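The following note is offered in reply to a request for comments on this model. The points are numbered so that each may be checked against the coordinates.

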Amino acid sequence: MAHRAILTPIARRVALPALRKSSTTANASINHFRRVVPTAAPKSNRASAAKSSGFTADSYPEIIRDPRFAKLTKKHVTYFKQLLGKESAIIDGVTTDDKASEIEPYNLDWMRKYKGQCTLVLKPGSTEEVSKILKYCNENLLAVVPQGGNTGLVGGSVPVFDEIVISTARMNQIRFFDELSGVLVADSGVILEAADQYLAERGYIFPLDLGAKGSCHIGGNVSTNAGGLRLLRYGSLHGTVLGIEAVLPDGTILEDLSRLRKNNTGYDLKQLFIGAEGTVGIITAVSIHCPQRSKAINVAFLGVESYEKLQLAFREAKTQLGEILSAFELMDSRSQDIFHKVKGNKRPLEGEYPFYCLIETSGSNSEHDSEKLEKFLEDVMTKELVTDGVVAQDETQLRSLWAQREGITETIGHWGGVYKYDVSIPIKDMYQLVDDVRTRLDEAGLIGETDEFPVVDVVGYGHMGDSNLHLNIAVRRYEKVVENVLEPYVYEWISHKDGSISAEHGLGLAKKKYIGYSRGDTTITMMKQIKNLYDPKGIMNPYKYI
Ligand code: FAD
Ligand code: MLT
Ligand code: ZN
């Protein structure tokens, strides 16, 4: 029975670091930024997952290497070496055989589920170099995979066979920032967190934030059309990206780095690259509209007794918090159990609840915002929609509450692997999918606490404010028998609810063959026409997407 609990401690302002005055610096290098790779499961578990998944080509024998593509030779490598000059710009495992360990991170995806067999990694330092690389690859029928931070979750960022990896790691300059409009123009290889830090120093915020911010590149974010933790507030990249510079497979440079918010002059070609996952070209720079950074941020972490109550609390949050609501994130009890089991830290709330939500407000007037949040919290507790909760009192607490949510992705892989489904479904039906999948796996005798069962648990979390659920199945090992119980069942379930099989992670290799569950035949045909128009030889990220 839910009762009125004391909300401890009550909202307090959290000041962001002082905003430094700065000029609109062009070409500011942010090379120094520390790359934070999300650490996932302990080495032993991760290694076993990699071992059991093996090469993608072996796990998915139905995918056949396209015989039209050439095999890399010494001659090709000589060309790339001459072009890129610097030794650090190329990892050559074609003519040297001691590069396997250096190349491995480019072959293996973040989940350690997909593993390619590439032997050449190219790291161009400029748009012109990308153009020359692609022109040469197109002429010589060499397939390529663009790669940013390699944090993608659908197997799109790593090769399937021997495709060349073209990494944007060396293209990491801020090209322009306008303090009046908030328009940022930056190379595609700038790490998201570095871009945000650059903006923070100038009073602005990058309009996207996600758990992999320490590693992912803004070009990778745009290429996946990542949604993240504050889409609710700042909207989709389809709205905030103002322009793009990209290189087409034949080497043509599309220079469309508009800095204008309004520009109705013909087809909006940049939209084609947002979410294209490297299938039509390589994004080399992005122009993006960045909002003012809020001075007052509050974060509340709440325990809720049922999914019905959570929906009502969300409705109240939208009504009562209005324009200051910047995140409304859902976590079920199992996701939090796993987080605590793996991290071993103290839970924010004393009791345990079937559901938790994290609410963030950001605004310009801390007194006003705190008052609004307090009133809202009092109201939802009086109405018994929320049973218990805490509000961060300082930035350390704020970060630790966010860690409860952002850390799920990492901890869920602890036992070896995860089947991830990133779905859009009308909010009212959203969580039912988690229960149904759990029942199905249970009935198939696949879930259990001991090693003989491949499945550890089924959890749900996500961006409730965007109707975006992350259904995750934590496994001890990837097994076809599990996959066959899950697919196409999950996709059929989603399709039946008129949902989307990919809300924000994209299609990559994982979802490629299921696109028909969310898109009609005519749409798919038009997509194929576009792909064929811009990449007639099919060298861009083959075997993926469509
Ligand atoms: P990569 O993984 O390197 O590439 C992703 C795709 O884009 C690939 O198909 C690749 O070929 C292509 N690509 C990369 N760069 C370019 C380029 N310059 N031009 C053309 N194509 C390119 N996603 C969300 O939407 N919301 C989240 O909240 C979220 N949280 C995450 C949390 C964690 C811990 C992790 C590991 C991942 C998360 N993701 C999330 C998934 C992922 O989409 C993002 O991390 C990010 O957008 C990927 O950027 P990246 O630079 O790592 O791209
Ligand atoms: C998230 O919301 O945490 C990300 O999309 C990653 C994930 O799905 O685990
Ligand atoms: Zn997400």
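Which backbone N or O atom lies 3.2 Å from a nitrogen atom of ligand 1? That atom belongs to Gly-228. The model is a predicted one, and the points below should be read accordingly.

1. Backbone contacts to ligand 1. Besides the pairing of Gly-228 with a nitrogen atom of ligand 1 at 3.2 Å, two oxygen contacts deserve mention. A backbone N or O atom of Gly-227 is placed 2.9 Å from an oxygen atom of the ligand, and for Gly-148 the corresponding backbone distance to a ligand oxygen is 2.7 Å. On its own, ligand 1 has 970 Å² of accessible area, of which the protein covers 97%.

2. Elements around ligand 1. Two or more residues of the shell come from each of β4 (144–147), α7 (218–224) and β10 (282–289). Helix α7 gives the most, with five residues.

3. Composition of the ligand 1 shell. The ligand is surrounded by 36 residues, the closest being Pro-146, Gly-148, Gly-149, Thr-151 and Gly-152. Sorted by class, the shell holds 25 polar, nine nonpolar and two charged residues. Glycine is counted among the polar residues in this classification, a point to bear in mind when reading the polar total.

4. Ligand 2 and its polar contacts. The residues around this ligand are Leu-153, Arg-405, Thr-409, Lys-420, Tyr-461, His-463, His-470, Glu-504 and His-505. By class they comprise four polar, three charged and two nonpolar residues. Polar side-chain atoms approach oxygen atoms of ligand 2 at 2.6 Å from Arg-405, at 2.8 Å from Thr-409 and at 3.0 Å from Glu-504. The protein buries 87% of the 260 Å² that ligand 2 exposes when taken alone.

5. The zinc site. Which residues coordinate the zinc ion (ligand 3)? The donors are NE2 of His-463, NE2 of His-470 and OE of Glu-504, at 1.9 to 2.1 Å. Along the chain, their spacing follows H-x6-H-x33-E. His-463, His-470 and Glu-504 are also listed among the residues around ligand 2. His-463 counts as buried because its relative accessibility is 3%; His-470 is likewise buried, with a relative accessible area of 5%.

6. Thr-127 and Glu-245. Thr-127 is located in helix α5 (residues 127–139). Is this residue buried or exposed? At 6% relative accessibility, Thr-127 counts as buried. The side chain of Thr-127 makes a polar contact with the side chain of Glu-245, at 2.5 Å.

7. Cysteines. How many disulfides does a search of the whole structure find? The search finds zero. For Cys-137, the nearest cysteine sulfur is that of Cys-118, 12 Å away; a disulfide would require the two sulfur atoms to be within 2.5 Å, so Cys-137 is in none. Its relative accessibility is 0%, and Cys-137 therefore counts as buried. Cys-357 is buried as well, with a relative accessible area of 0%.

8. Points for the reader to check. In the display, the polar contacts of ligand 2 may be inspected at Arg-405, Thr-409 and Glu-504. Glu-504 merits a separate look, as a zinc donor through OE and as a residue with a polar side-chain atom 3.0 Å from an oxygen atom of ligand 2.

Conventions:
Residues numbered from 1 in each chain as written. Chains lettered and ligands numbered in written order. Predicted model: local features only at pLDDT ≥ 70, side-chain atom pairs only at ≥ 80, totals over all residues. Heavy atoms only, no water. Buried < 20%, exposed > 50% of the residue type's maximum accessible area, 1.4 Å probe, protein only. Near = heavy atom within 4 Å. Polar contact = N/O pair within 3.5 Å; in protein donor to acceptor, adjacent residues only side chain to side chain. Areas by Shrake-Rupley, 256 points an atom, 1.4 Å probe, with all protein chains shown as cover. Donors = N, O, S within 2.8 Å, 3.2 Å for Na, K, Ca; no water. Helix = DSSP H or I, 4+ residues; strand = E, 2+ residues; numbered from the N terminus.
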